Amino acid sequence: MDAEATPDASPQEARRAATRLKVREHRQRLRAQGMRPIQIWVPDVHAPEFAAEARRQSRLANESPEEAEIQAFIDSVYEWPDDEYSQ
């Protein structure tokens with residue numbers, strides 16, 4: 001598919017074609033810099049199922065007999081940053 005709009009293209013089609021051209025050129029520049037595109041799939045944190053599963057796992061962890069020991073370990077190894085980047 002050619003990114004250039006035909007002379008009789010609608011303004012919307014012309015904008016889409018211009019956008020495709022910009023994206024293509026941007027990707028070519030990145031590839032010329034030694035970059036390559038990748039696609040990864042991550043959980044959708046906005047999905048209701050994600051929130052429900054997070055609550056379920058939190059409850060399980062909280063109700064675990066080892067919860068106090070686990071939290072004590074996390075507290076002992078976790079260090080809150082005290083630098084200008086943490087504010």
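How much area does the chain expose, and what percentage of it do carbon and sulfur atoms supply? I looked this up first and found about 8600 Å² exposed, with carbon and sulfur atoms supplying 55% of it; accessible areas come from the Shrake-Rupley method with a 1.4 Å probe, and for residues only the protein chains shown count as cover.

I noted that this is a predicted model, in which local features need pLDDT of at least 70 and side-chain atom pairs count only at pLDDT 80 or more, while totals for chains, interfaces and linings use all residues. Residues are numbered from 1 along each chain as its sequence is written, and side-chain values use heavy atoms, with hydrogens and water left out.

On confidence, I read an average pLDDT (the predictor's confidence in each residue, from 0 to 100) of 87 for the chain, with 86% of the residues scoring at least 70. Among the elements, helix α1 (residues 11-32) has the highest mean, 95, and helix α3 (residues 67-77) the lowest, 89.

On secondary structure, I found three helices and zero strands, in the order α-α-α along the sequence; helices (H or I, at least four residues) and strands (E, at least two) are DSSP runs, numbered from the N terminus. For α1 I checked the length: its 22 residues should span 32 Å at 1.5 Å a residue, and the end C-alpha atoms lie 31 Å apart, which agrees; the expected span is 1.5 Å times one less than the number of residues. After α1 comes Gly34, with a positive phi near 90°.

On burial, I found that 3% of the 87 residues are buried, where buried means under 20% relative accessible area, exposed over 50%, and partly exposed in between (1.4 Å probe, protein chains only).

I searched the whole structure for salt bridges (a side-chain nitrogen of Lys or Arg within 4 Å of a carboxyl oxygen of Asp or Glu) and found one. Glu53 pairs with Arg56, their closest N and O atoms being 2.7 Å apart. The two are three residues apart in helix α2 (residues 48-63), so about one helical turn separates them. Glu53 counts as partly exposed because its relative accessibility is 31%, and Arg56, at 39%, also counts as partly exposed.

Lastly, I turned to Phe73 in helix α3, which counts as exposed at 53% relative accessibility.
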